[in-house]
Amino acid sequence: MPPLRRDPVGPGQESVWDYPRPPSAEVSSRHVVVELGGRVLADTVRAVRVCETSHPPVYYVPPEDVVLDLLERAPGGSWCEWKGAATY
């Protein structure tokens, strides 16, 4: 397999290869809305933006800003050395 090559970064862009390890986590000033099928599942101005080397940024939404009765738990889960256990 050939080695991974960085894509050039243009003005105003970020490279996922410049993100830190361990990941950074910062409260975002963005208004984050999650919609599916025309229904709002989450709406927050308190999201946390997590940046981890070689991964796209991820926004975590506080449970209080999610319409939990529109969701159902999926089987299984995962573990991250930095973020801990996750369920879906």
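**View 1. Arginine 49 and glutamate 14 pair up in a salt bridge, with their closest N and O atoms 2.6 Å apart.** A salt bridge here is a side-chain nitrogen of Lys or Arg within 4 Å of a carboxyl oxygen of Asp or Glu. The two partners come from distant parts of the chain, 35 residues apart: arginine 49 sits in strand S4, and glutamate 14 in the segment before strand S1 (24–27). Strands (E, at least two residues) and helices (H or I, at least four) are DSSP runs, numbered from the N terminus. Are these partners buried or exposed? Arginine 49 counts as partly exposed because its relative accessibility is 22%, and glutamate 14 is partly exposed too, at 49%. For these words, buried is under 20% relative accessible area, exposed is over 50%, and partly exposed is in between (1.4 Å probe, protein chains only).

A quick note for all the views: this is a predicted model, in which local features need pLDDT of at least 70 and side-chain atom pairs count only at pLDDT 80 or more, while totals for chains, interfaces and linings use all residues. Residues are numbered from 1 along each chain as its sequence is written, and side-chain values use heavy atoms, with hydrogens and water left out.

**View 2. Arginine 46 meets aspartate 65 in a salt bridge, and the closest N and O atoms are 3.1 Å apart.** Arginine 46 lies in the loop between S3 and S4 and aspartate 65 in the loop between S5 and strand S6 (77–80), so this pair ties together parts that are 19 residues apart in sequence. Arginine 46 is partly exposed, with a relative accessible area of 41%. Aspartate 65, on the other hand, counts as buried because its relative accessibility is 18%.

**View 3. Glutamate 52 is a buried residue that forms a salt bridge with lysine 83.** How far apart are the closest N and O atoms of this pair? They are 3.3 Å apart. The pair links distant parts of the chain, 31 residues apart, with lysine 83 in the loop between S6 and S7 and glutamate 52 in the loop between S4 and S5. Lysine 83 counts as partly exposed because its relative accessibility is 41%, whereas glutamate 52 is buried, at 11%. Salt bridges that share partners also join Arg46, Glu64 and Asp65 into one network, and the structure holds 5 salt bridges. Back at glutamate 52, contacts (heavy atoms within 4.5 Å) include Val16, Tyr19, Pro20 and Trp82, leaving aside neighbours within four places in sequence.

**View 4. Serine 28 is tucked into the loop between S1 and strand S2 (32–36).** Serine 28 is buried because its relative accessible area is 11%. Which residues does serine 28 touch, not counting those up to four places away in sequence? The answer is Val45, Ala47, Arg49 and Tyr59. You may remember Arg49 as the salt-bridge partner of glutamate 14.

**View 5. The largest pocket holds about 730 Å³ of space.** Rolling a probe the size of a water molecule over the atoms shows where empty space is left. On a 1 Å grid over the protein atoms alone, a pocket is an open set of points where a 1.4 Å probe fits, with protein on both sides within 12 Å along at least five of seven lines; lining residues have an atom within 4 Å of a point. The volume is the space filled by probe spheres set on the points, and grid points are joined across faces, edges and corners. Of the 19 lining residues, Tyr60, Val61, Leu71, Thr87 and Tyr88 are the closest to the centre of the largest pocket. Strands S3 (39–44), S5 (58–60) and S7 (84–87) are the elements that give two or more residues to this lining, and S7 gives the largest share, 4 residues. The lining divides into 14 nonpolar, 2 polar and 3 charged residues. In this count, Ala, Val, Leu, Ile, Met, Phe, Trp, Tyr, Cys and Pro are nonpolar, Asp, Glu, Lys and Arg are charged, and the others, Gly among them, are polar.

**View 6. Alanine 85 in strand S7 counts as exposed.** Its relative accessibility is 64%. Leaving aside neighbours within four places in sequence, alanine 85 is in contact with Ser78 and Trp79. The C-alpha atoms of alanine 85 and serine 29 are separated by 26 Å, and these residues are 56 residues apart along the chain.
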